[in-house]
Amino acid sequence: MTTLIWSTVDGYVPGTRYNRRKEELRQEAIEWQANFDGWDCSYADLAEKQAYFERLGRRYGLLREFRENCIC
């Protein structure tokens, strides 16, 4: 029988697909922001990327963090 151990910190369950994707998205936003200086983007490209991070930030509970760091 397999038992799950639930942590009380933010509902985090180590190894779940949701938490792995959340961390991947956080890293993607960090890299995008760090490499932004070298990009030649149009306003449409910026709007598209902002919508992407806003949509996924809402899904994975990162929206506040993204807004604090001017990602979306």
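Over which residues does pLDDT stay under 50? In this predicted model, that holds for residues 1-8, where there are 3 contacts beyond four places in sequence. Where pLDDT is low, the predicted coordinates should not be read in detail. I will leave that stretch there. For the protein, the mean pLDDT is 83, with 79% of the residues at 70 or more.

Now the aromatic rings. A pair of aromatic rings is described by the distance of the centres and the angle of the planes. With ring centres required to lie within 6.5 Å, the count is 5 aromatic pairs.

Take Tyr18 and Tyr60. Their ring centres are 5.2 Å apart and the planes meet at 40 degrees, so this pair is tilted; the tilted class covers what is neither under 30 degrees nor over 60. In sequence the two are 42 residues apart, and the pair links distant parts of the chain. Tyr18 belongs to helix α1, residues 17-34, while Tyr60 sits in the loop between α2 (43-59) and α3 (63-68).

How exposed are these two? Tyr18 is partly exposed, because its relative accessibility is 41%. Tyr60 has a relative accessible area of 11%, so it is buried, the cut-off for buried being under 20%.

Next, Tyr52 and Phe53. This aromatic pair is edge-to-face, with 5.2 Å from centre to centre and 65 degrees between the planes. Phe53 is at 0% relative accessibility and therefore counts as buried.

Tyr52 and Phe53 also belong to a cluster linked by ring pairs, together with Trp32, Phe36 and Phe66. That is what I have on the rings.

How values were computed: Residues numbered from 1 in each chain as written. Predicted model: local features only at pLDDT ≥ 70, side-chain atom pairs only at ≥ 80, totals over all residues. Heavy atoms only, no water. Phe/Tyr/Trp six-rings, centres within 6.5 Å; stacked < 30°, edge-to-face > 60°. Helix = DSSP H or I, 4+ residues; strand = E, 2+ residues; numbered from the N terminus. Buried < 20%, exposed > 50% of the residue type's maximum accessible area, 1.4 Å probe, protein only. pLDDT = per-residue confidence, 0-100. Contact = heavy atoms within 4.5 Å.
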